[in-house]
Amino acid sequence: MLINRVELREIRLPLVHFFETSFGRTTERRIVLVRVHDGEGGEGWGECTAGEGPFYCEEWTESAWHTLKTYLAPMVLGHEIDGASGIFPLMKAVRGNRMAKAALETACWDLEAKRAGVPLWKHLGGVQSEIACGVSIGIQDTIEQLLEKIELELNAGYQRIKIKIKPGWDINVLEKVRARFPEIRLMGDANSAYSLADAPLFRAMDEFDLMMIEQPLAFDDMLDHAVLQKQVKTPICLDESIRTPADAGHAIDLKACRIINVKLGRVGGHSEAQRVERICRERNIAAWCGGMLESGIGRAHNIAMATLKGFTLPGDVSASSRYWEEDIIDPPVTITPNGTIIAPDAPGLGFEVNRQRIERLTVRQEVVE
Ligand code: OSB
Ligand code: MG
């Protein structure tokens with residue numbers, strides 16, 4: 001296989017409801033899409049999961065655009081490779097920038113699966129034809145609004161509820177949510193809003209019987225998380241801290257977490273995600289698929305990844321309609337009444353990319369050949 005053309009596009013896509021975390025509020029996504037061509041009529045699509053600013057991690061829409069255009073696309077173009085697993089190594093000279101790399105790498109996986117005529121999830125080695133889904137609910141203006149949202153998502157069938165927490169929107173909120181919904185699978189995600197000095201707060205959260213608490217401490221830390229995990233019963237789940245398969249191994253060695261959130265962009269694409277999944281599976285650490293407010297293309301890639309055997313807990317992969325008035329794939333992603341998504345049968349991503357709609361949403365475009 002050989003990539004002879006890489007197309008970059010930035011689209012703007014307004015969210016149906018703002019999404020707020022401890023690091024800020026998003027109302028409109030700026031998404032970089034990548035389309036790769038093999039010169040034989042084959043193409044594949046990928047999505048960059050970087051945010052609009054460098055707040056979740058160092059990457060953002062603008063940095064990914066320039067990195068893809070200036071460095072990554074030229075490194076990949078024109079090289080004969082055995083398959084999509086050969087793409088990540090071609091980009092080795094660029095350090096970090098894994099979300100930019102993943103956008104290109106995942107596009108090549110879609111292309112390869114289409115060339116093979118098989119659904120991407122099977123091509124990756126996925127074994128679950130139906131994946132379990134949860135939702136991530138952002139910080140709301142009032143607790144009443146949050147409770148209403150939770151009710152709505154539970155009625156839709158979602159299997160677990162994650163709420164975002166930050167100082168001032170944590171214990172008080174969890175207490176009310178737990179009182180109203182005593183039985184549900186519930187968790188909190190802090191997006192690094194706390195420090196070890198807050199250990200007593202996390203000990204107090206033990207009484208809410210949370211499935212896990214996600215990334216309570218610094219985005220680049222493992223040692224403090226290991227200290228905190230010793231002091232609390234609730235499992236710690238790492239998100240931001242796990243950027244590579246080596247990170248996953250180190251976090252497990254250090255007992256910094258008991259659960260890992262795997263994000264395709266954060267680890268650099270499908271090949272690296274497969275390695276993280278394998279480490280989790282072999283070392284009995286539960287893994288689940290995280291989300292980054294993806295459009296349909298990134299969402300379809302997440303679904304494919306989440307069919308791997310090690311993804312044993314409900315992910316943050318949910319229906320298109322929770323995010324978008326109209327998605328850029330057809331059909332949009334929907335969930336079953338049991339809170340699952342059925343992996344698609346069609347080759348590659350398994351959803352039709354709506355080019356007309358993408359064309360209308362595009363604010364800039366670049367072709368690297
Ligand atoms: O920490 O998991 C996170 C969204 C943007 C940045 C970070 C995170 C999230 C989510 C949303 O929780 C998950 C989703 O619904 O896509
Ligand atoms: Mg998170």
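In this predicted model, strand β6 (residues 161-164) runs parallel to strand β7, and four bridges join the two. Within this pair, K164 of β6 stands opposite D189 in β7. Both strands belong to an open sheet of seven strands with parallel pairing, in the order β5-β6-β7-β8-β9-β10-β11. At the edges of this sheet stand β5 (135-137) and β11 (286-289); each has a single partner strand, so one side of each is left without a neighbour in the sheet. As background, strands of a sheet pair through backbone hydrogen bonds, either parallel or antiparallel.

D189 also takes part in a metal site. The magnesium ion (ligand 2) has the protein donors D189 (OD), E214 (OE) and D239 (OD), which lie 2.1 to 2.3 Å from the ion. Along the chain, these donors follow the spacing D-x24-E-x24-D. D189 sits in strand β7 (residues 186-189) and E214 in strand β8 (residues 213-214), so this pair, 25 residues apart, links distant parts of the chain. Are D189 and E214 buried or exposed? Both D189 and E214 are buried.

Helix α6 (residues 171-180) has V173, L174, V177 and R178 as buried residues. Seen down the axis of α6, the buried residues fall within an arc of 125°, so they line one face of the helix. The elements that cover them include the strands β6 and β7, together with the helices α5 (143-156) and α7 (199-205).

The model has a second sheet to consider. This open sheet has four strands in the order β3-β2-β1-β15, and its pairing is antiparallel. Its edge strands are β3 (43-47) and β15 (362-368), each of which pairs on one side only. From one strand to the next, the twist averages 25°. Helix α3 (residues 98-116) packs on this sheet and touches β1, β2 and β3, with its direction at about 145° to that of β3. Inside the sheet, strand β1 (residues 5-21) and strand β2 (residues 24-37) pair in the antiparallel sense over 13 bridges. One facing pair is L8 and V34, the latter in β2.

Another helix, α12 (residues 296-306), lies across β2 and β3 and runs at about 95° to β3. N302 is found in α12. This residue is buried, with a relative accessible area of 3%. Apart from its neighbours within four places in sequence, N302 is in contact with L264, C289, G290, G291, E294 and V317.

How many disulfides does the structure hold? The count is zero. The table gives, for two cysteines, the nearest other cysteine sulfur.

| Cysteine | Nearest cysteine sulfur | Distance |
|---|---|---|
| C133 | C289 | 9.3 Å |
| C280 | C257 | 7.6 Å |

Why is C280 not bonded to C257? A disulfide needs the two sulfur atoms within 2.5 Å, and the 7.6 Å between the sulfurs of C280 and C257 is too far for a bond. C133 is likewise in no disulfide. C133 counts as buried because its relative accessibility is 0%. C280 is buried too, with a relative accessible area of 0%.

Methods:
Residues numbered from 1 in each chain as written. Chains lettered and ligands numbered in written order. Predicted model: local features only at pLDDT ≥ 70, side-chain atom pairs only at ≥ 80, totals over all residues. Heavy atoms only, no water. Pairing = 2+ DSSP bridges. Axes fitted to C-alpha atoms, helices over the stretch in contact; angles between N-to-C directions. Contact = heavy atoms within 4.5 Å. Donors = N, O, S within 2.8 Å, 3.2 Å for Na, K, Ca; no water. Buried < 20%, exposed > 50% of the residue type's maximum accessible area, 1.4 Å probe, protein only. Arc of directions from axis to C-beta.
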